[in-house]
Amino acid sequence: MDDLIFSINNIQDQFKALGQRPADLPQIVVVGSQSSGKSSVLESIVRRSFLPRGSGIVTRCPLILRLTNCPLGDNRREDKDFNDLCETNKLEEWGEFDDEEKPFGIGQIQNEIERRTAKLAGGNKNISSQPIVLKIFSPSVLTLTLVDLPGITKVAVGDQPQDIEDQIVNLINKYIENPKSIILAVIPANTDMAANDCLKMAKRVDPEGERTLAVVTKLDLMDRGTNATDILTGLCIPVKLGIIGVVNRAQEDINKGKTFWVFWITAALFILGRYPDDILGENFIRNENMASELLYDT
């Protein structure tokens, strides 16, 4: 299956190189409001910090993230020149952009995304519909494709056009209207589910919730005396692919150098203490059987 997905991604690259519209193939489209925790969810799936962070709108172009499971000893490693990245010319994981074959270390990817974003969308807070394609090769990821989109916003700030909300909504609709796409709706637990724009958009194109998966973030930031049991058990969110509760990795965790493993232990203890019978976070998304079911049985 991994080889099939890798070949399909290469075909998509050829479509793009020829200036043709790529075929509509299965992919997981990540949708949410600004500061909903989309970046934290994506980084948890990859288990590495590689996305730009900050206040306001950070994701300003579609980021097509193609994860490829590449075990140690895989032939795809043999042809890579890692001399600029490490002394041994051997790297466990790396990234490549668009149709280039130049490898980037995981620690270099964030700056390169920021550089390409500024080139496509400008130096202010405008957005672009032109996607950035990032491939990550690693022995610790599942082979699948995710699309990260700009977060939904209501108010134009700085030099943003007054119709910035409409631009973002139209861009999101372009991806989620594809009936082969899985909508991964990222929803903060400390917001009103009935008024959530992300859920409204998903329901418009998927009224029965048959291809929508909800990820409820920031479980640890809910008001004291409240919990997300009704949300996680489906009483508030009508989706059929599942509802996953997660605790986000905070900027403070990154600044203090807290590793993903230490963070996961802390998050697991919190969730198991509050919601012992509910699905535990990103491990559900990372499960290989679940990923295959989402992408190929819908």
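**View 1. Glu96 pairs with Trp94 through a side-chain polar contact.** In this predicted model, the two side chains come to 3.0 Å. Glu96 sits in strand β3, which runs over residues 94-97. Glu96 is buried, because its relative accessible area is 4% and the cut-off for buried is under 20%.

**View 2. Glu96 also has contacts farther along the sequence.** Neighbours within four places are left aside here. On that basis, Glu96 touches Lys80, Glu101, Lys102 and Pro103. Val133, Leu134, Lys135 and Phe137 are in contact with Glu96 too.

**View 3. The largest nonpolar core holds 42 residues.** Six of them touch the most other members: Val31, Ile172, Ile176, Val216, Leu219 and Ile237. Helices and strands both contribute. Strands β1 (28-32), β6 (182-188) and β7 (212-217) each supply at least two residues. So do helices α5 (164-176), α6 (197-205), α7 (229-232) and α9 (260-274). Helix α5 gives the largest share, six residues.

**View 4. Val216 is in contact with Ile237 and other residues.** Again, neighbours within four places in sequence are left aside. The contacts of Val216 include Ile187, Ala189, Ile231 and Leu232. Ile243, Ile244, Gly245 and Val246 are also among them. Apart from the largest core lies another core, of 33 residues. Val41, Cys61, Leu67 and Leu241 are among its members.

**View 5. The largest cavity has a volume of about 110 Å³.** The structure holds three cavities of 30 Å³ or more. Thirteen residues line the largest cavity. Pro52, Val58, Thr59, Leu63 and Ile113 lie nearest its centre. The lining has eight nonpolar, three polar and two charged residues.

Definitions and conventions: Residues numbered from 1 in each chain as written. Predicted model: local features only at pLDDT ≥ 70, side-chain atom pairs only at ≥ 80, totals over all residues. Heavy atoms only, no water. Helix = DSSP H or I, 4+ residues; strand = E, 2+ residues; numbered from the N terminus. Buried < 20%, exposed > 50% of the residue type's maximum accessible area, 1.4 Å probe, protein only. Polar contact = N/O pair within 3.5 Å; in protein donor to acceptor, adjacent residues only side chain to side chain. Contact = heavy atoms within 4.5 Å. Core = buried A, V, L, I, M, F, W, Y, C linked by side-chain atoms within 4.5 Å. 1 Å grid on protein atoms, 1.4 Å probe; cavity = no way out; pocket = protein on both sides within 12 Å on 5 of 7 lines; lining within 4 Å. Points joined across faces, edges and corners; volume = space filled by probe spheres on them. Nonpolar A, V, L, I, M, F, W, Y, C, P; charged D, E, K, R; others polar.
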